[in-house]
Structures are given as C-alpha cells and as structure tokens.
Amino acid sequence: MAARIGGATGAAWAVLRGLRRTAGGEPLALVESFVPVRFAALAQSLAAGPGPIYEGLAAFLGEAVSDAVQESQALPAPQYVAEALNIDVGAPSLRVLRRYASASGTLIASFNWHLGGDRYIHRARIALSRP
C-alpha cells in the first residue's frame, strides 16, 4: 500500500472514509483518504469544511502542491465498497487514485470508488496545439 499511495514502507498513515451521494441521496462514490498520521486530526477538521483537504494541508505546511498524479483502475467491488455503494460484491467499479504532493512529500492520497458499468463515464477535453 505504501508504494501505491506514495509513502515510505513502514510509515504510519491514517485513513478517513466518506460517502458522496447524489442530490437524491443515492450513493455516488466511496472516498478513502490516506494522510500521514501527523496530519490526521487536521485532515478530519478539513474534511468537514468546504474545500479540498489537500489545499488545507498545503496551507498548514506553507507549501504549494507541486504534483498531482491520478490513476484509474476498473476493479471488482470488494465487500466494504459494495456495501457502501449498495451494489453486489464483485460488481464492476472504478477506483480513481489521486496523490497530492508538496516539497515535503505526499500530503494526501485519495481512493475514490465509483459505480462501474454504464453508470460511470469519464470524459476529457484535450486541447491540441498546432505548430
């Protein structure tokens, strides 16, 4: 897990879990945020606020977020994800990992588990420059 979230082997990390819902109250995504243990209390406080946790952690450190990496994986939903999203264990899901780093290293790594199959569409606009 350490390599996946950008941490050193053996380092202690805290996890915060939350469920995003649609306006109608249906489960939309399970969010698991991993932060270094020294930021656990601050991250919990930031999670209750209006902005992204990574911005608050960076401001606390007085450092800018210098790097953000995103990975996407199609995976069968493990039991705890299936229960949170109200889907069958093993149903298609999409796990999106985002790691935010500053000069001090990884501030936060978040796994967002989304409903899979025909309920998730990823769309990106890619600007193409011409010489």
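**Stop 1: helices H2 and H3**

Select residues 40-47, helix H2, and residues 53-61, helix H3. In this predicted model, the two helices are oblique to each other. Their axes cross at roughly 130 degrees and come within 9 Å. An angle over 145 degrees would count as roughly antiparallel, and 65 to 115 as roughly perpendicular; the rest above 35 is oblique, which is why this pair gets that label. The crossing of H2 past H3 is right-handed.

Now show side chains at the contact. On H2, pick Leu42, Ala43, Leu46 and Ala47. On H3, pick Ile53, Gly56, Leu57 and Phe60. What is the character of the residues in this contact? Seven are nonpolar, one is polar and no charged residue takes part. Gly counts as polar here, so Gly56 is the polar one.

**Stop 2: Arg17 and Glu32**

Leave the helices and turn to charged pairs. Side chains of opposite charge can pair when their charged atoms come close. How many salt bridges does the model hold? The count comes to two.

Select Arg17 and Glu32 for one of them. Their closest N and O atoms are 2.9 Å apart. Arg17 sits in strand S1, residues 13-21. Glu32 sits in strand S2, residues 27-36. The two residues are 15 apart, so the pair links distant parts of the chain.

Switch on the surface. Is each partner buried or exposed? Arg17 is exposed, at 54% relative accessibility. Glu32 is buried, at 3%.

**Stop 3: Arg99 and Glu71**

Next, select Arg99 and Glu71, another salt bridge. Here the closest N and O atoms are 3.1 Å apart. Arg99 belongs to strand S4, residues 92-102, and Glu71 to strand S3, residues 67-76. The bridge therefore ties together parts of the chain 28 residues apart in sequence.

Keep the surface on. Arg99 has 16% relative accessibility and counts as buried. Glu71, with a relative accessible area of 25%, is partly exposed. The cut-off for buried is under 20%, which is why the two get separate labels.

**Stop 4: Ala29**

Go back to strand S2 and select Ala29. Its relative accessibility is 0%, so Ala29 counts as buried. Which residues does Ala29 touch, leaving out those up to four places away in sequence? Show Gly18, Leu19, Arg20, Leu85, Trp113 and His114.

Finish with a distance from Ala29 to Leu19, C-alpha to C-alpha. The two are ten residues apart in sequence and 5.9 Å apart in space.

Note on methods: Residues are numbered from 1 along each chain as its sequence is written. This is a predicted model: local features need pLDDT of at least 70, side-chain atom pairs count only at pLDDT 80 or more; totals for chains, interfaces and linings use all residues. Side-chain values use heavy atoms; hydrogens and water are left out. Axes are lines fitted to C-alpha atoms, for helices over the stretch in contact, and angles run from 0 to 180 degrees between N-to-C directions. Helices (H or I, at least four residues) and strands (E, at least two) are DSSP runs, numbered from the N terminus. A crossing is left-handed if the near helix is turned anticlockwise from the far one by less than a right angle, and right-handed if clockwise. Contact means heavy atoms within 4.5 Å. A salt bridge is a side-chain nitrogen of Lys or Arg within 4 Å of a carboxyl oxygen of Asp or Glu. Buried means under 20% relative accessible area, exposed over 50%, partly exposed in between (1.4 Å probe, protein chains only).
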